[in-house]
Amino acid sequence: MEDSYIVISYGQLALSAVLILVNVALSVALQLGLARSLLIAALRMVVQLLLIGFVLEWLFTQDNALVILAIALVMTAIAGVSAVNRTQRRFAGIYWHSLLSVLSASALVTGFAMVGIIRVQPWYDPQYLIPLMGMVLGNTLNGISLGLDRFMEGLIAQQGQVETLLALGATRWEAAHKPVRDAIRIGMIPTINSMMVMGLVSLPGMMTGQILAGADPIDAVRYQIVIIFMIAAGAALGIFAVVLLAYRRLLSPDHQLRLDYLEKAGQ
Amino acid sequence: MTSSQALLSAKNLGRQLGDRWLWQGVNFELFAGDCVGLVAPSGVGKTLLMRNLVLLDPFQQGEVRFEGKPLAAWSLPTYRSRVMYVPQRAIAFDGTVQDNLKQVFDLGAYRQRQFDPAIIQTWLAQLGRGPEFLKLNGARLSGGEAQILALLRALQLDPQVLLLDEPTASLDATTTAQVEALLHDWLQSPHRACLLTSHDADQIRRVTYRQINLGEFA
């Protein structure tokens, strides 16, 4: 592997930082007021990635399934929490709902891919498990964020319809299936859109990486197709789970719409 | 069910908003043929009482019984199909007025029943509206038209108890009188009762046989 691509030295890395100066110069010239945030964001990105590089290097030498699963679990937890952090409203238990949805969706999908499709030996080989899981998590997180946010906002916007249906004798499912469907649909849109133009508008990062690392483009494409299907399935399962859990919480067994459980984020 | 037994009874109801009790110890009974006015100054929580009676909001205190059975013994969709709350702000679903009227028969609670255009036409005629009313777009109804739609949508489901929250608030004087007459006719069938709020004291006197003053429980 060492021979198939050019290794970037720290000096070359520093040279690449010149590129971020383009943004800074633009911000200063146009008085966008972004220079400070840009520099902080760039610094964070560099530190985070360098750190994760070291973590991964260490991780890939591990062969204890428990250690690797523990790391995967930490990644899942971070994804579950960040998914909620981007929604506008909260209710008691929302973090658990998100965690449970991210965990079940990513575990199912990644597990199936590792054992059933790619057939990695051993099944927890971190060189495969961690990057694949990471990509599934990132996309599931986005889907859950969108779906959950849309579901809560949808219930608020459609309170009149939902409660009118309830008052007419609808069950909670009959009254709320429209906001549930809307939320799942909205959550799925980015995944479907990106599949539509995959390879035409966007060259997926993972495939590009593999090609740079010297892999045969056809092999890289095969991996990419597998990962896109994993991402789509993970997002769908995660969104479905989180919206149904939120539905069960916000529409009580007494067929009531409990908007009083919702509060604005940051309060 | 004996005729002396209340259709709907409320015992010791209480409603809290924050740490303040809006009303407490509310008791009343609705009998077959009854039409009761629920009166109180604005902000006392007449709407909240109606929402509580159909359990759209959870109880904080007290008990409601329908046909002698506590609400816990009822499936709530069934209960709400028989004790029907018609909110003041009438909501139309997507589609025409007729779609709105038909659509509710898709609900599980009415699976055995069917939309009956004849009865709707009769009621519309009583309210001075022709069959063209059925073709109007639900999203573009005026406040008054939406109220007519909401009332007919509830009436066609043949509930036993109607909880009407300001049912004529957006209607002109003529249509208001027609709605009152329709309600009067509706109450003539056995085992029906109505609880009604109105900001119009004359209407309460015209339509209802007795009143509950919620302000007394504040």
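The legends below describe three close-up views of a predicted model.

Local features require pLDDT of at least 70 and side-chain atom pairs pLDDT 80 or more, whereas totals for chains, interfaces and linings use all residues. Residues are numbered from 1 along each chain as its sequence is written, and chains are lettered from A in the order in which they are written.

**View 1. The contact between chain A and chain B.** Chain A contributes 14 residues and chain B 20 residues, contact meaning C-beta atoms, placed from the backbone, within 7 Å. On the side of chain A that touches chain B, helix H6 (residues 159–167; helices are DSSP runs of H or I, at least four residues, numbered from the N terminus) gives the most, with 6 residues. That side comprises 4 nonpolar, 7 polar and 3 charged residues (nonpolar: Ala, Val, Leu, Ile, Met, Phe, Trp, Tyr, Cys and Pro; charged: Asp, Glu, Lys and Arg; polar: the others, Gly among them).

**View 2. Helices H6(A) and H7(A).** The axes of H6(A) and H7(A) (residues 172–197) come within 8 Å and cross at roughly 160°; axes are lines fitted to C-alpha atoms over the stretch in contact, with angles from 0 to 180 degrees between N-to-C directions. The two helices are therefore roughly antiparallel (over 145 degrees). Val162(A), Leu165(A) and Leu166(A) of H6(A) meet Glu174(A), Ala175(A) and Ala176(A) of H7(A). By class, this contact has 5 nonpolar, no polar and 1 charged.

**View 3. Helices H3(A) and H5(A).** The axes of H3(A) (residues 65–85) and H5(A) (residues 126–157) come within 9 Å and cross at roughly 15°, which makes the pair roughly parallel (under 35 degrees). Participants include Ile68(A) and Met75(A) of H3(A) and Leu129(A) and Ile144(A) of H5(A). The contact divides into 13 nonpolar, 5 polar and no charged residues.

Definitions and conventions:
Two residues are in contact if their C-beta atoms, placed from the backbone, lie within 7 Å. Angles under 35 degrees count as roughly parallel, over 145 as roughly antiparallel, 65 to 115 as roughly perpendicular and the rest as oblique.
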